[in-house]
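Work through the exercises below with the structure open. Try each task before reading its solution.

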Amino acid sequence: MTESATHTTDPTPRRREPARRPVRSTYRLQLRPDALTFADARSIAEYLQQLGISHLYLSPILTAVRGSTHGYDVTDPTTVSAALGGPAGLKALADEVRTRGMGLIVDLVPNHVGVGDPRQNKWWWDVLRHGRESQYAHWFDIDWSQGNGAGGRLALPVLQGENDPAALGVDRSGPEPMLSLHDMRFPIAPGTDGDNALRIHDKQHYRLVSWKSGVCTYRRFFAVSELAAVRQEDPEVFEATHRELAAWCEHDLIDGVRIDHPDGLADPIGYLHRLRKLLGPDRLLLIEKILANREPLDPTLPIDGTTGYDALADLGGVLIDPAGEPALTELSRRFTGHGSDRSWIGETEHRIKRAVAETILSPEVRRLVAAIKHDADTPGFDTMALTNATIEVLAFMPVYRADYSPLAGMTGAVVAEVERRNAELTAPLQVLVTALARDGEAQIRFDQVCGAMTAKAVEDAMFYRAVRLISLQEVGGSPARFARSVNEFHLANSERATRWPSSMTTLSTHDTKRGEDVRARIGVLSQVGNTWARRVRSWQEATPSPDGATALFLLQNMFGVWPADGRPASSVPGLRERIHQYAEKAIREAGTRTSWEDPDTEFETAVHRWLDAVIDGPVGSGLNDLVHELAPHAWSDALAQKLLQLCGPGVPDIYQGCELWEDSLVDPDNRRPVDFMVRAGMLQMLETTPPLDPTGAAKMWVVAYALWLRRERPECFVGGSYLPMHAIGEQAGHLICYGRGKPGRLPEVLVAATRHSVKLQETGWADTVLDLPPGVWTDRLTGETFQGRAHLEKIFDRLPVALLVR
């Protein structure tokens with residue numbers, strides 16, 4: 001339709017969308033008031049431009065809990081964080097990157113807001129003060145019914161012990177009196193003051209309860225009571241929480257958004273359609289969607305893709321050696337009594353899901369069952385039987401939620417399987433099915449609880465219990481899939497290039513259990529399974545651990561972060577403390593010998609003593625030797641997965657600092673401040689030949705040249721073609737190679753990487769060759785040129801990866 005025709009039918013002036021800056025690559029910045037503000041981001045924009053980044057990808061920037069180091073506990077979605085620099089700081093950052101031809105991607109948190117300190121959240125404070133009469137009461141997903149376990153009041157699970165109620169007081173130091181409990185403050189409803197604290201508390205619209213009581217009357221982020229969910233399905237809530245985003249779009253400050261945890265929403269599909277309308281057709285829209293094993297991404301969603309966990313699993317899996325599976329499975333069996341294999345994982349996931357539903361998620365399950373009885377019009381049905389049947393179905397659901405179009409029929413199949421296993425559940429299953437068929441509140445809560453159960457059972461529990469090869473235990477991954485073949489890798493890449501060309505790919509995020517280089521090094525153990533098994537058995541004899549499963553899990557993590565330069569771990573500043581902090585989190589998340597809810601101090605003390613004995617004793621010396629011996633192979637795998645990601649289909653994201661070797665473990669370890677001055681200096685000092693020292697700048701060399709090539713030939717990457725390439729010869733299986741080019745044209749870029757280098761060290765490449773497409777090809781990393789039939793020993797003479805350009 002021509003412009004004149006448009007004005008004929010619609011006289012309303014239309015604002016022209018500015019031309020979007022194409023997103024070639026992103027660099028994730030974890031903003032925090034004490035270390036990385038908008039002004040700090042401005043100061044490193046020049047470095048990121050020189051590195052080849054096209055867009056800064058910012059963690060949440062709305063006002064969050066004071067001192068928050070992550071920003072996901074937003075307290076005021078209507079304002080930009082003053083602690084980060086406020087609106088002026090954001091505008092200055094946007095202007096700075098614009099002058100450099102770069103852009104901004106911003107992380108949004110639509111599912112929940114921070115309520116840990118009610119005084120910091122005016123909406124929540126108003127609800128506590130006025131109850132159901134609050135203008136914001138319907139903004140939150142609250143159960144006000146008399147049967148909610150709190151007598152129709154809003155239950156706040158904040159009491160730590162039986163004596164806590166005696167600590168209640170009245171704080172009259174401010175303009176309005178408040179109930180006080182230690183350092184927490186709560187509002188007092190109008191007309192309810194004037195008595196002692198306990199009696200005042202009994203008159204409030206809320207009730208303070210023990211966090212162990214299993215009573216919580218508002219929907220949360222999983223089981224985190226400090227994060228209260230908001231009802232984005234309400235247009236008023238959507239407008240208020242996206243007002244800032246609309247302004248950023250209106251003033252062209254951003255080029256896209258990343259959406260945190262959309263699966264928690266009542267209607268994620270409807271939400272994303274509203275969001276796409278607000279953003280316009282051209283801004284990047286990525287969702288933090290955790291896809292289960294072989295789960296497809298819904299092609300009907302108005303998005304550009306995910307945040308990249310699916311790509312992470314492919315990139316890591318293709319470097320795992322399947323030959324190591326028997327030895328590592330047997331080692332797991334010896335130390336734990338199970339093989340951490342497919343059958344164990346299936347049984348364990350089901351068992352943990354049931355336990356999660358019956359404990360920390362019991363308030364959510366109780367509310368779901370009430371909705372089922374209401375929607376099925378069966379108020380008198382046996383609650384216990386219905387709860388059991390509902391939990392059983394949820395425990396067998398293999399995905400976060402099944403209401404996306406490619407998953408049609410999945411819930412019915414699971415219900416059928418549950419009924420086949422236990423015919424006694426037929427009657428309550430009929431009630432469940434009737435309720436779900438009504439497509440009302442029960443269906444919504446079923447999907448929301450399903451995701452919460454999966455997250456808490458799999459990522460926050462089972463991934464800390466499986467011990468066969470822990471580099472497989474990553475968000476979006478499956479420890480049951482030991483490795484991926486090269487053919488499988490190519491098909492996954494090909495589908496991404498065709499279906500989701502602008503989807504993000506990643507190797508490290510703020511949510512990954514281990515950083516990319518730690519994961520790569522641990523993955524090398526798949527190539528030396530028998531050696532690792534012998535070493536671990538001897539170490540256990542030399543320094544017995546308090547628990548075999550814990551020892552096998554933590555030894556792999558220590559192998560992943562151990563210094564590779566020959567220094568003892570005890571001499572590395574902060575490493576001992578980081579290992580101890582990680583271990584405490586890991587054993588509590590596992591929940592087998594201790595837990596967050598009920599810490600076993602005796603067991604935890606024994607683990608800490610064992611860790612010190614490992615670090616300071618013969619096991620530490622053994623780790624030193626093995627890490628040094630396998631360092632070249634860890635280096636090879638780390639460079640391989642990095643180059644494969646940076647040049648593969650999609651938009652590659654670099655997590656802050658990961659252009660150099662990094663040794664991060666799970667949060668908060670992976671949110672440590674990054675020394676950008678060191679990185680900027682190293683980028684400036686790169687010589688004209690590649691740095692071959694694995695402790696030096698080799699990784700930055702690979703990152704920079706890959707990003708520069710993406711900037712030079714953008715048509716070959718996002719939206720470009722993808723062509724698998726295969727070697728010829730005895731060692732052909734050690735090569736991963738693909739071509740990238742303009743759509744419908746011959747490749748202009750060939751990406752080649754070494755896999756399973758331990759065996760290759762014994763045999764060499766021998767006569768294995770790669771037939772190059774026509775033309776002269778130059779390796780941007782080494783300057784060497786090739787044409788025709790190229791010998792792999794020549795291509796990989798200096799580096800285990802190659803970036804060939806025609």
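**Exercise 1. A pair within one helix**

With which residue does Glu349 form a salt bridge?

Solution. Start with the ground rules. This is a predicted model, where local features need pLDDT of at least 70, side-chain atom pairs count only at pLDDT 80 or more, and totals for chains, interfaces and linings use all residues. Residues are numbered from 1 along each chain as its sequence is written, and side-chain values use heavy atoms, with hydrogens and water left out.

Step 1: apply the criterion. A salt bridge is a side-chain nitrogen of Lys or Arg within 4 Å of a carboxyl oxygen of Asp or Glu.
Step 2: find the partner. Glu349 pairs with Lys353, and their closest N and O atoms are 3.1 Å apart.
Step 3: place the pair. Both sit in helix H12 (residues 342–358), 4 residues apart, which means about one helical turn separates them. Helices (H or I, at least four residues) and strands (E, at least two) are DSSP runs, numbered from the N terminus.
Step 4: check burial. Lys353 has 0% relative accessibility, so Lys353 counts as buried. The cut-offs are under 20% relative accessible area for buried, over 50% for exposed, and partly exposed in between (1.4 Å probe, protein chains only).

**Exercise 2. Pairs between elements**

Which parts does the pair of Glu604 and Arg588 tie together?

Solution. Step 1: check the distance. The closest N and O atoms of Glu604 and Arg588 are 2.7 Å apart, a salt bridge.
Step 2: locate both ends. Glu604 lies in helix H23 (residues 601–616) and Arg588 in helix H22 (residues 575–590), so the pair links parts 16 residues apart in sequence.
Step 3: check burial. Glu604 and Arg588 are both buried.
Step 4: look for a network. Shared partners join Arg21, Arg98, Asp252, Asp255 and Arg283 into one network of salt bridges.
Step 5: take another pair. Arg276 forms a salt bridge with Asp304, with closest N and O atoms 3.1 Å apart. Arg276 is in helix H9 (residues 268–279) and Asp304 in the loop between strand S15 (284–287) and strand S16 (305–306), so this pair ties together parts 28 residues apart in sequence.
Step 6: compare with the cut-offs. Arg276, at 14% relative accessibility, is buried; Asp304, at 21%, is partly exposed.
Step 7: take the total. The count is 67 salt bridges.

**Exercise 3. The largest nonpolar core**

Which residues of the largest nonpolar core touch the most other members?

Solution. Step 1: define the set. A nonpolar core consists of buried Ala, Val, Leu, Ile, Met, Phe, Trp, Tyr and Cys residues joined through side-chain atoms within 4.5 Å.
Step 2: rank the members. Among 95 residues, Leu29, Leu51, Leu56 and Trp248 touch the most others.
Step 3: find the top contributor. Helix H26 (residues 698–712) gives the most, with 9 residues.
Step 4: list contacts (heavy atoms within 4.5 Å). Beyond four places in sequence, Leu29 touches residues including Leu56, Gln656 and Phe676.

**Exercise 4. Ser332**

Is Ser332 buried or exposed?

Solution. Step 1: locate Ser332. The residue is in helix H11 (residues 325–336).
Step 2: read the accessibility. At 0% relative accessibility, Ser332 is buried.
Step 3: list neighbours. Leaving aside those within four places in sequence, the contacts of Ser332 include His338, Val467, Arg468 and Leu552.
Step 4: check a distance. The C-alpha atoms of Ser332 and Gly477 are separated by 19 Å, with their positions 145 residues apart along the chain.
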